[in-house]
Amino acid sequence: MSGTGRHRRPAAPPDALADLDQRVRAVADRVPVVEEGVARLGEGAVFLYRTTYRPDGTVHRELTRADAVGWPFPPPAT
């Protein structure tokens with residue numbers, strides 16, 4: 001297997017670099033960094049997500065279906 005990253009490992013995808021940046025920020029500032037948003041997976045369900053980067057370097061991820069918290073899905077037709 002031939003890689004292009006450091007030590008001949010495959011290069012990290014851009015999303016992984018964003019996660020690494022948030023993790024380093026949480027550790028350096030010694031405060032949790034929280035990222036929240038909405039994700040749609042294909043034509044299926046809508047999810048709410050929350051990612052917490054903790055000062056000890058750990059990451060906690062939560063993913064909840066929007067209809068489980070009372071958001072109608074699919075949205076009513078207007």
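Arginine 30 sits in the loop between helix α1 (14–29) and strand β1, where helices (H or I, at least four residues) and strands (E, at least two) are DSSP runs numbered from the N terminus. The model is a predicted one, in which local features need pLDDT of at least 70 and side-chain atom pairs count only at pLDDT 80 or more, while totals for chains, interfaces and linings use all residues. Residues are numbered from 1 along each chain as its sequence is written, and side-chain values use heavy atoms, with hydrogens and water left out.

Arginine 30 is a good place to start looking at the backbone. Most residues other than glycine have a negative phi, and most peptide bonds are trans. Arginine 30, a residue other than glycine, has a positive phi near 60°. With a relative accessible area of 69%, arginine 30 is exposed; here buried means under 20% relative accessible area, exposed over 50%, and partly exposed in between (1.4 Å probe, protein chains only).

The overall plan can be read along the sequence. The protein has one helix and three strands, and these follow the pattern α-β-β-β. Of the 78 residues in the protein, 14% are buried. The accessible surface comes to about 6,200 Å², as given by the Shrake-Rupley method with a 1.4 Å probe, with only the protein chains shown counting as cover for residues. Carbon and sulfur atoms hold 54% of that surface. Among contacts with a separation of 6 or more, 22% come from residues 24 or more positions apart, a contact being heavy atoms within 4.5 Å.

The three strands come together as a sheet. Strands of a sheet pair through backbone hydrogen bonds, either parallel or antiparallel. In this model the sheet is open, its order is β1-β2-β3, and the pairing is antiparallel; two strands pair if DSSP finds at least two bridges between them. The edge strands, each pairing on one side only, are β1 (33–40) and β3 (59–65). From one strand to the next, the twist averages 15°; for such angles, axes are lines fitted to C-alpha atoms (for helices over the stretch in contact), and values run from 0 to 180 degrees between N-to-C directions.

The pairing can be followed strand by strand. Eight bridges connect β1 with β2 (residues 46–53) in the antiparallel sense. Valine 33 has tyrosine 53 in β2 as its bridge partner, and arginine 40 stands opposite valine 46 in β2. The hairpin of β1 and β2 has five residues between the strands, and glycine 42 takes a positive phi near 60° there. On the other side, β2 and β3 run antiparallel and are joined by seven bridges. Threonine 51 is matched with arginine 61 in β3. The hairpin of β2 and β3 also has five residues between its strands, and in this one glycine 57 takes a positive phi near 95°.

Two neighbouring threonines give a closer view of β2. Threonine 51 belongs to strand β2 and counts as buried because its relative accessibility is 7%. Leaving out residues up to four places away in sequence, threonine 51 touches Val33, Val34, Glu35, Val59, His60 and Arg61. Threonine 52 also lies in strand β2, and its 12% relative accessibility makes it buried too. With the same kind of neighbours set aside (up to four places away in sequence), threonine 52 touches Pro32, Val33, Val34, Thr58, Val59 and His60.

Valine 34 shows the view from strand β1, where it is placed. At 48% relative accessibility, valine 34 counts as partly exposed. Beyond its neighbours within four places in sequence, valine 34 is in contact with Arg50, Thr51 and Thr52. The C-alpha atoms of valine 34 and glutamine 22 are 8.7 Å apart, and these residues are separated by 12 residues along the chain.

Charged side chains complete the picture. Side chains of opposite charge can pair when their charged atoms come close. A search of the whole structure finds one salt bridge, defined as a side-chain nitrogen of Lys or Arg within 4 Å of a carboxyl oxygen of Asp or Glu. The salt bridge brings together the side chains of glutamate 36 and arginine 50, at 2.4 Å from N to O. This pair links distant parts of the chain, with glutamate 36 in strand β1 and arginine 50 in strand β2, 14 residues apart. Arginine 50 counts as partly exposed because its relative accessibility is 36%.
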